[in-house]
Amino acid sequence: AVERTLSIIKPDAVAKNVIGEIVSRFEKADLKVVEARMQQLTREEAEGFYAVHKERPFFNDLVEFMISGPVFIQALEGENAIQKNRDLMGATDPKKAEPGTIRADFAESIDANAVHGSDAPETAAVEIAYFFGK
Ligand code: CMP
C-alpha cells in the first residue's frame with residue numbers, strides 16, 4: 001500500500017552537507033518528498049517528538065543532540081514507505097548497520113546516527129502530524 005513516513009535528517013548529517021545525498025537515496029527508491037522543512041528544533045519540540053523515550057537513559061543526550069543544529073524534516077510517500085525507509089536507513093546503531101545503508105555510510109554513533117524514520121503506521125501518522133499538521 002502507498003504509505004507516508006516521517007524522515008528527519010539529523011544535525012550530524014546536516015553538518016556533513018549530505019542532505020542531498022540522503023534525499024537522493026529516497027528518490028532512487030521511489031519515495032517522494034511530499035513535505036519538507038529545515039528547522040532548528042527547540043528543546044520543547046525535541047522532547048515532545050521523542051516523548052515515548054522520556055524514561056530511557058539516553059533521553060537527555062538524544063534531546064541535546066537533536067537541538068545541537070538544524071535538522072531537515074520530511075514526509076516521504078510511496079509503496080511500503082515505512083519499511084522501505086527503515087531498510088534504507090539501516091540499524092539504529094551504525095556499527096550494526098548493513099553496508100550501503102544511510103547509517104553505515106554517514107553515521108558515527110547511536111546518538112549521531114544521521115537519520116530518524118517512523119517505525120510503524122501509527123507512529124508515522126503521529127510524527128507527520130507533529131511537524132506538518134493533518
Ligand atoms: P531514532 O530513530 O531517532 O529514535 C530514538 C533515538 O535515540 C535513536 O534514533 C538513537 O539515535 C537514539 N538512541 C541512543 N541510544 C539508544 C539506544 N540504546 N537504543 C535506541 N535508540 C538510542
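Start with lysine 10 and the ligand: a polar side-chain atom of this lysine lies 2.7 Å from an oxygen atom of the ligand. Keep in mind that the model is predicted.

Next, select isoleucine 110. Look at its backbone here: a backbone N or O atom lies 2.6 Å from an oxygen atom of the ligand.

Then go to histidine 116. An N or O atom in its side chain is 3.0 Å from an oxygen atom of the ligand. How much of the ligand does the protein cover? On its own, the ligand has 460 Å² of accessible area, and the protein covers 78% of that.

Now show the shell around the ligand. Select Lys10, Tyr50, His53, Phe58, Leu62 and Thr92. Add Arg103, Ile110, Asp111, Asn113 and His116, and the set that surrounds the ligand is on screen. Colour the shell by class: four residues are nonpolar, four are polar and three are charged.

Where does the ligand sit? Turn on a pocket display and find the largest pocket; the ligand sits there. About 740 Å³ of space lies in this pocket.

Move to the pocket's centre. Select Tyr50, His53, His116, Gly117 and Asp119, the lining residues that lie nearest to it. Tyr50, His53 and His116 will be familiar from the ligand shell. In total, 28 residues line the largest pocket. Colour these by class as well: twelve are nonpolar, nine polar and seven charged.

Switch to a cartoon view for the last stop. Highlight helix 3 (43-49), helix 5 (81-89), strand 4 (115-117) and helix 7 (121-132). Each supplies at least two residues of the pocket lining. Which element gives the most to that lining? Select helix 7: it gives the most, with four residues.

Conventions: Residues are numbered from 1 along each chain as its sequence is written. This is a predicted model: local features need pLDDT of at least 70, side-chain atom pairs count only at pLDDT 80 or more; totals for chains, interfaces and linings use all residues. Side-chain values use heavy atoms; hydrogens and water are left out. A residue is near a molecule or strand if one of its heavy atoms lies within 4 Å of it. A polar contact is a pair of N or O atoms within 3.5 Å; within protein, one must be able to donate a hydrogen and the other to accept it, and residues adjacent in sequence count only if both atoms are side-chain atoms. Accessible areas come from the Shrake-Rupley method with a 1.4 Å probe; for residues, only the protein chains shown count as cover. On a 1 Å grid over the protein atoms alone, a cavity is a set of points where a 1.4 Å probe fits but cannot get out, and a pocket is an open set with protein on both sides within 12 Å along at least five of seven lines; lining residues have an atom within 4 Å of a point. A molecule sits in a cavity or pocket if more than half of its atoms lie within 2 Å of its grid points. Ala, Val, Leu, Ile, Met, Phe, Trp, Tyr, Cys and Pro count as nonpolar, Asp, Glu, Lys and Arg as charged, and the others, Gly among them, as polar. Grid points are joined across faces, edges and corners, and a volume is the space filled by probe spheres set on the points.
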